[in-house]
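Let's take a walk through this one together, starting at the ligand and working outwards. Have the model open and ready to rotate.

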Amino acid sequence: MPREWDAKTYDSLPLPHQEWGKRTLGRLNLRGTETVLDAGCGTGRDTAALLDLVPGGRVIGVDGSSRMLDQLRAKLSDRLDRLDVVHADLTRPLALGSQVDAVSSVATFHWITDHAALFANLARSLRTGGQFVAECGGEGNVARINAAVEEVLGASGEGEKVWYFAGVEDTTARLEAAGFTDIEVTLQPDPARLEPGEQLWSYLATVVLGSHLDRLPESDHEDFVRAVAARLPEPVVDYVRLNITARRA
Ligand SMILES: C[S@@+](CC[C@H](N)C(=O)[O-])C[C@H]1O[C@@H](n2cnc3c(N)ncnc32)[C@H](O)[C@@H]1O
């Protein structure tokens, strides 16, 4: 299974993900009776928004972190009659019962390196003509943070691949190969400014550098995060988002 996340700290942070979620869900065209899959639903912010968009339908939230899903269940405990919560790896075949009408995903795909398997899997989960909207870190994402990490880790960090920031052409080709049509893929620089000090450190540790920290002894975590933060020219996460809109052929 994918790594665990610190769900409570995640929800306490000022997340640009809120805006990314609104932007992504805004590209869905729903009547209100559909079943929608939230792929990498995390603690359920967009899952809740999707439930509002389909008052006569259902939402399936899939995530690989049981701590994120525990937090989602607690937050949405009064809405579980129309919500299925599935702990699963998005790169493995999903057992959803039947195909969904739409798939939405926010801030998740860059944590997955095998996009061919991911898109093939999501295409199998979608009915013919079903909508697919997603966003994630794209080519050039967090380049300054990456450079700072490389500087801090030096030779010991070589060969570690914790993210995959895909581009427009490779993503378009993979979506076509997976059986999608009406494909639109764009890259969008979207830097996020944080307060220097505690907020920046907490954000980096929880949202950005979790996979790096998993590879380090706990006693090194604080020093590592502070060393990366100290190498940033300003308290800004230099996000570049990859926006995807497509339809299952
Ligand atoms: C940055 S969080 C985004 C969560 C939520 N969509 C949001 O915008 O707040 C990324 C999520 O992707 C999930 N994730 C990463 N790789 C995954 C995989 N292979 N299968 C399922 N979930 C995965 C993580 O567990 C995490 O909850």
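How many Å is an oxygen atom of the ligand from an N or O atom in the side chain of Thr108? The model is predicted, and in it the separation comes out at 3.4 Å. That falls inside the 3.5 Å cut-off for a polar contact. Taken by itself, the ligand would expose 600 Å², and the protein buries 96% of that.

Thr108 has company. Look at Asp63 next: one of its polar side-chain atoms lies 2.6 Å from an oxygen atom of the ligand. Then swing over to Asp89, where a polar side-chain atom lies 3.0 Å from a nitrogen atom of the ligand.

Now bring in the rest of the shell. There are 20 residues around the ligand, and the ones that come nearest are Tyr10, Gly40, Arg45, Asp63 and Val106. By character, the shell splits into 11 nonpolar, 6 polar and 3 charged residues.

So much for the immediate neighbours; what about the space itself? The ligand sits in the largest pocket, which has a volume of about 590 Å³. Its lining is made up of 37 residues, with Trp5, Asp63, Ala107, Thr108 and Trp111 lying nearest the centre. Helix 2 (17-25), helix 3 (45-53), strand 2 (58-63) and helix 8 (198-208) are the elements that each give two or more residues to that lining. Sort the lining residues of this pocket and you get 20 nonpolar, 10 polar and 7 charged.

Asp63 is a handy place to end the tour: it is among the residues that come nearest the ligand, and it is also one of those nearest the centre of the largest pocket.

Note on methods. Residues are numbered from 1 along each chain as its sequence is written. This is a predicted model: local features need pLDDT of at least 70, side-chain atom pairs count only at pLDDT 80 or more; totals for chains, interfaces and linings use all residues. Side-chain values use heavy atoms; hydrogens and water are left out. A residue is near a molecule or strand if one of its heavy atoms lies within 4 Å of it. A polar contact is a pair of N or O atoms within 3.5 Å; within protein, one must be able to donate a hydrogen and the other to accept it, and residues adjacent in sequence count only if both atoms are side-chain atoms. Accessible areas come from the Shrake-Rupley method with a 1.4 Å probe; for residues, only the protein chains shown count as cover. On a 1 Å grid over the protein atoms alone, a cavity is a set of points where a 1.4 Å probe fits but cannot get out, and a pocket is an open set with protein on both sides within 12 Å along at least five of seven lines; lining residues have an atom within 4 Å of a point. A molecule sits in a cavity or pocket if more than half of its atoms lie within 2 Å of its grid points. Ala, Val, Leu, Ile, Met, Phe, Trp, Tyr, Cys and Pro count as nonpolar, Asp, Glu, Lys and Arg as charged, and the others, Gly among them, as polar. Grid points are joined across faces, edges and corners, and a volume is the space filled by probe spheres set on the points. Helices (H or I, at least four residues) and strands (E, at least two) are DSSP runs, numbered from the N terminus.
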